[in-house]
Amino acid sequence: MSRRIRKHANPFSVTTHLGVIDRIALFGREAPLEVDLGCGTGAFLRQRAFAHPDVDFVGLEVRKPLVENLMKRRESEGPRNLAVFHASTDTNLALAAPGEVRCFHVHFPDPCFKRRHWKRRILQPKTVLRMADLLPLGGRVFLQSDVLPLAQEMYDFMAAEPAFESLLDPSMVVPSPFDERTDWERHHELVGEPVYRMLFAKRGPSSGRVSNLEFRETNPARVGSGGEAVTEPH
Ligand SMILES: C[S@@+](CC[C@H](N)C(=O)[O-])C[C@H]1O[C@@H](n2cnc3c(N)ncnc32)[C@H](O)[C@@H]1O
């Protein structure tokens with residue numbers, strides 16, 4: 001019987017603390033690792049795990065039924081090089097020792113339109129610093145969104161960390177460097193809506209400082225077509 005899956009979960013209500021995960025127990029090995037932050041149904045991770053059996057993949061997701069479905073499918077159909085956790089990205093990025101995650105993925109994170117929810121956004125200046133601390137030199141962060149001001153915010157947060165170099169065109173209107181697709185990505189490609197993409201590589205040590213950039217207004221009703229905040233007329 002199908003269960004109704006809530007569209008949103010408050011990430012702060014999910015208090016799981018994973019610590020450093022036991023990859024030998026999970027995967028029987030310590031292979032290169034990729035982590036998907038807010039993996040949703042895990043469609044991207046499943047495709048990628050089947051296509052890259054030499055790499056291990058971990059997803060973090062706060063909607064529990066999605067995590068349970070994915071782990072059930074793992075048991076019955078595989079792939080065994082994929083594991084997802086009911087855990088918030090806010091407190092669980094350090095799930096492997098520094099240098100062990102080769103790529104973080106941030107696909108279509110919730111824009112959290114309400115101002116009081118901005119602090120729920122997955123990519124924040126503190127997240128950028130944590131990723132810069134955890135990735136090895138050459139490690140990558142891939143991000144995409146269909147919400148232009150949110151993509152601009154993510155670009156600015158990433159570009160403010162000197163450890164990272166942007167590898168794609170700053171217009172962000174570029175094809176995906178990956179063969180795999182997320183559910184949201186397939187939907188936007190199907191209906192012909194633009195997707196904004198960024199890929200950053202770690203080129204040097206992290207700055208050790210959280211940038212003081214602020215969150216942006218992302219609500220389409222309150223931003224101009226170029227993504228700039230529009231002041232309400234008096
Ligand atoms: C818009 S969906 C995108 C799902 C998937 N990445 C895709 O592209 O199809 C955003 C997902 O992030 C999850 N999420 C939001 N905040 C999170 C957090 N702090 N930690 C883990 N997952 C989170 C939501 O539950 C939701 O499934």
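Here are my notes on this predicted model, from the overall fold down to a few single residues.

1. Overall layout. The protein has seven helices and seven strands. Read from the N terminus, the elements go α-β-α-β-α-β-α-β-α-β-α-β-α-β. As for who touches whom, take the contacts between residues at least 6 apart in sequence: 77% of them join residues at least 24 apart.

2. Size and packing. A compact globule of 234 residues would be expected to have a radius of gyration near 17 Å, and the protein has 17 Å, so the two agree. Along the principal axes, the C-alpha atoms fill a box of roughly 60 × 50 × 35 Å. Of the 234 residues, 38% are buried.

3. Helix H2. This one covers residues 43-51, and its buried residues are Phe 44, Leu 45, Arg 46, Arg 48 and Ala 49. Note the two arginines in that list, Arg 46 and Arg 48. What lies over the buried residues of H2 includes strands E1 (33-37), E2, E3 and E4 (101-107).

4. Helix H3, geometry. H3 runs over residues 64-77, which makes 14 residues. At 1.5 Å a residue it should span 20 Å, and the C-alpha atoms at its ends are 20 Å apart, so expectation and model agree.

5. Helix H3, its two sides. Which residues of H3 are buried? They are Leu 66, Val 67 and Leu 70. Because they cover an arc of only 100° around the axis, they sit on the same side of H3. The general rule behind such a pattern is that an α-helix has 3.6 residues a turn, so residues three or four places apart point the same way. Over on the other side of H3, Lys 72, Glu 75 and Ser 76 are exposed. The buried residues of H3 pack against strand E2 (56-61) and strand E3 (82-86).

6. Just after H3. The helix is followed by Gly 78, which has a positive phi, near 80°. Gly 78 is then joined to Pro 79 by a cis peptide bond, with omega about 0°. Pro 79 belongs to the loop between H3 and E3. I'd look at this stretch by eye.

7. Helix H5. Its buried residues are Thr 127, Val 128, Leu 129, Met 131, Ala 132 and Leu 134. Their packing partners are E4, E5, helix H6 (148-159), strand E6 (164-166) and strand E7 (196-202).

8. Gly 139. This glycine is in the loop between helix H5 (125-134) and strand E5 (140-145). Is Gly 139 buried or exposed? Buried, because 23 other C-beta atoms lie within 10 Å, and 20 or more is the cut-off. Setting aside neighbours within four places in sequence, Gly 139 is in contact with Val 101, Arg 102, Cys 103 and Lys 202. Val 101, Arg 102 and Cys 103 fall in E4 (101-107), and Lys 202 falls in E7 (196-202).

9. Pro 109. Now to the loop between E4 and H5, where Pro 109 is found. It has 20 C-beta neighbours inside 10 Å, so Pro 109 counts as buried. Not counting residues up to four places away in sequence, Pro 109 touches Gly 38, Arg 121, Ile 122, Leu 123 and Ser 145. For Ile 122, which is 13 residues away along the chain, the C-alpha separation from Pro 109 is 6.4 Å.

10. Two non-glycine residues with positive phi. Cys 112 has phi near 45° and lies in the loop between E4 and H5. With 19 other C-beta atoms within 10 Å, Cys 112 is partly exposed. Met 172 has phi near 70° and lies in the loop between E6 and H7. Met 172 has 20 C-beta neighbours inside 10 Å and so counts as buried.

11. Around the ligand. There are 20 residues around the ligand, and Pro 11, Gly 38, Gly 40, His 107 and Thr 182 come nearest. Elements giving two or more residues to this shell are E2, helix H4 (89-92) and helix H7 (183-191). By class, the shell has nine nonpolar, six polar and five charged residues. Gly 38 also appears among the contacts of Pro 109.

Conventions: Residues numbered from 1 in each chain as written. Predicted model: local features only at pLDDT ≥ 70, side-chain atom pairs only at ≥ 80, totals over all residues. Helix = DSSP H or I, 4+ residues; strand = E, 2+ residues; numbered from the N terminus. Expected span 1.5 Å × (residues − 1). Buried ≥ 20, exposed ≤ 12 C-beta atoms within 10 Å, placed from the backbone. Arc of directions from axis to C-beta. Contact = placed C-beta atoms within 7 Å. Near = placed C-beta within 6 Å. Nonpolar A, V, L, I, M, F, W, Y, C, P; charged D, E, K, R; others polar. Rg over C-alpha atoms; globule rule 2.2 N^0.38 Å.
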